[in-house]
Amino acid sequence: MPLTLAFCSLALLWLRESITLADLLRLVMDDHVPYLNAFKEFPEEMKMYGSDFKIFRVQSWPKYEDIYKKMHALADFIDLPCFPDITEGSFLHPNILCMKYMMEINLPDEMNKWTCKVIKKIGVGETDFLTLHPGNKSTWKVKYDILAVAIIIVVLKILFLLDDEYEWLLANYTEERNKKNEGCQIFDIRKWYMVVKNILDVEQKKYNEERIRRLWRCEKPLLYSASEKYVVLKKKQMVMDLQRQFRTLTGCLELTEKRKTSLFQFNWTEESTKKDCFHGHSLGAFLQQKGDIFTPLNRDYWLCSVKKCKRTRSPHGRYNESDFPHTYRFVLDLFSFLLRVPPYLIHEEVSTIEHKLFHSKLHMKSRIFKIQKKS
């Protein structure tokens with residue numbers, strides 16, 4: 001079944017559909033794509049017996065990294081040719097994906113200019129970089145969704161630093177400016193944090209409750225042989241009776257409706273959230289103009305990792321929550337929930353982008369340190 005998902009993901013990538021790997025896995029978790037006990041969906045003429053159940057009886061959720069690795073291994077195994085080019089008009093291009101995720105987490109539209117600048121600066125928007133070449137081992141295999149959210153986080157750090165101090169100083173300044181009602185509303189990161197956190201907490205609670213309520217066992221009993229039919233059916237009836245009694249005692253109704261399929265999990269339209277939509281807010285107060293060039297007021301930047309870690313090491317060891325500011329962790333957790341991936345995967349991609357973006361400065365600092373050490 002994980003290999004089937006990898007094949008589906010390859011097909012979506014070949015057709016350049018507007019569904020990323022993270023979207024596909026979320027559709028699986030929301031029961032829109034048959035995965036857990038998939039044989040329930042088979043027609044009557046496809047009855048299963050014996051060891052065949054072991055193939056289609058899945059007892060765990062698919063993991064992003066696992067499906068991603070299988071996807072590329074499968075492309076190499078069946079010797080696929082170069083995939084269709086991913087250009088600026090393709091949904092999987094980081095310019096479009098960044099815009100999509102910024103809309104989803106309620107960030108100002110003006111941030112799109114800065115994500116595009118970062119994409120151009122580090123060269124991750126080039127067709128040769130984005131297009132999958134299964135036979136070329138030297139090409140960097142791109143995680144399109146994780147790359148896009150990592151770019152957004154880097155831009156947030158460029159503008160607001162996210163060190164648990166500077167962004168709240170800017171929030172105080174923004175609050176005073178907005179009280180004077182000087183034209184367009186200025187983006188208030190503190191207010192954004194409170195609004196998004198409240199929505200995230202509600203959605204996270206719903207998600208956790210759905211996971212707890214999920215019945216991993218199939219409704220139809222699995223009969224590996226005729227001799228065990230009586231025992232299996234009796235156990236199944238006892239389980240159903242106990243569940244019914246428990247729901248009656250707790251007053252918990254059985255959920256039968258599935259979540260509606262959508263590429264967006266949050267809705268921030270003006271009609272639905274009234275004054276809580278930040279899409280049209282301005283970032284001008286955080287920029288300084290020199291001629292026709294705008295630069296951020298913030299002149300500092302802290303790196304997620306000073307030294308680039310080797311990919312062969314365990315990724316879990318590179319992200320320790322206690323080592324990072326709360327605001328940065330919140331943004332990681334927000335995107336982690338949207339993509340259904342562990343935070344360390346996003347953090348690793350942020351570190352990679354930072355080392356591409358600030359490579360020359362890091363190289364200069366290391367040279368100065370070596371010279372001082374020699375002297």
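User: Which residues does UniProt list for "signal peptide"?

Analyst: The unreviewed UniProt entry lists residues 1-22 under that name, and the annotation may be inferred rather than shown by experiment. In the structure above, which is a predicted model, the span 1-22 is 68% helix and 0% strand, and its end C-alpha atoms lie 16 Å apart.

User: Why is Arg 16 called partly exposed?

Analyst: Partly exposed is the class between the cut-offs of 20% and 50% relative accessible area, and Arg 16 has a relative accessible area of 38%, so it belongs to that class. Arg 16 sits in the loop between α1 and α2 (21-29), and although it is not a glycine, its phi is positive, at about 55 degrees.

User: What makes a positive phi worth pointing out?

Analyst: Most residues other than glycine have a negative phi. Leu 161, a residue other than glycine, also has a positive value, near 70 degrees, and is found in the loop between α8 and α9 (166-179).

User: How do you know whether Leu 161 is buried or exposed?

Analyst: A residue counts as buried when its relative accessible area is under 20%, and because Leu 161 has 7% relative accessibility, it is classed as buried.

User: How do you know how the length of helix α13 compares with the expected span?

Analyst: Helix α13 covers residues 326-339, and at 1.5 Å a residue its 14 residues should span 20 Å; the end C-alpha atoms are 20 Å apart, and therefore the two values agree. The expected span is reckoned as 1.5 Å times one less than the number of residues.

User: Why is α13 described as largely enclosed by the rest of the structure?

Analyst: The description rests on burial, because 11 of the 14 residues of α13 are buried. Among them are Tyr 328, Phe 330, Val 331, Phe 335 and Leu 339.

User: What makes up the lining of the largest cavity?

Analyst: The structure holds seven cavities of 30 Å³ or more, and the largest cavity contains about 140 Å³ of space. Its lining consists of 14 residues, with Ser 9, Thr 20, Leu 21, Met 71 and Tyr 144 lying nearest the centre. By class, the lining divides into 10 nonpolar, two polar and two charged residues.

User: Where in the structure do the lining residues of the largest cavity come from?

Analyst: Helices α1 (2-14), α4 (64-77) and α8 (144-160) each supply at least two residues of this lining, while domain 1 (1-80) and domain 2 (87-218 + 281-374) each contribute at least three.

Key:
Residues are numbered from 1 along each chain as its sequence is written. This is a predicted model: local features need pLDDT of at least 70, side-chain atom pairs count only at pLDDT 80 or more; totals for chains, interfaces and linings use all residues. Side-chain values use heavy atoms; hydrogens and water are left out. Helices (H or I, at least four residues) and strands (E, at least two) are DSSP runs, numbered from the N terminus. On a 1 Å grid over the protein atoms alone, a cavity is a set of points where a 1.4 Å probe fits but cannot get out, and a pocket is an open set with protein on both sides within 12 Å along at least five of seven lines; lining residues have an atom within 4 Å of a point. Grid points are joined across faces, edges and corners, and a volume is the space filled by probe spheres set on the points. Ala, Val, Leu, Ile, Met, Phe, Trp, Tyr, Cys and Pro count as nonpolar, Asp, Glu, Lys and Arg as charged, and the others, Gly among them, as polar. Domain bounds come from an automatic or database domain assignment. Buried means under 20% relative accessible area, exposed over 50%, partly exposed in between (1.4 Å probe, protein chains only).
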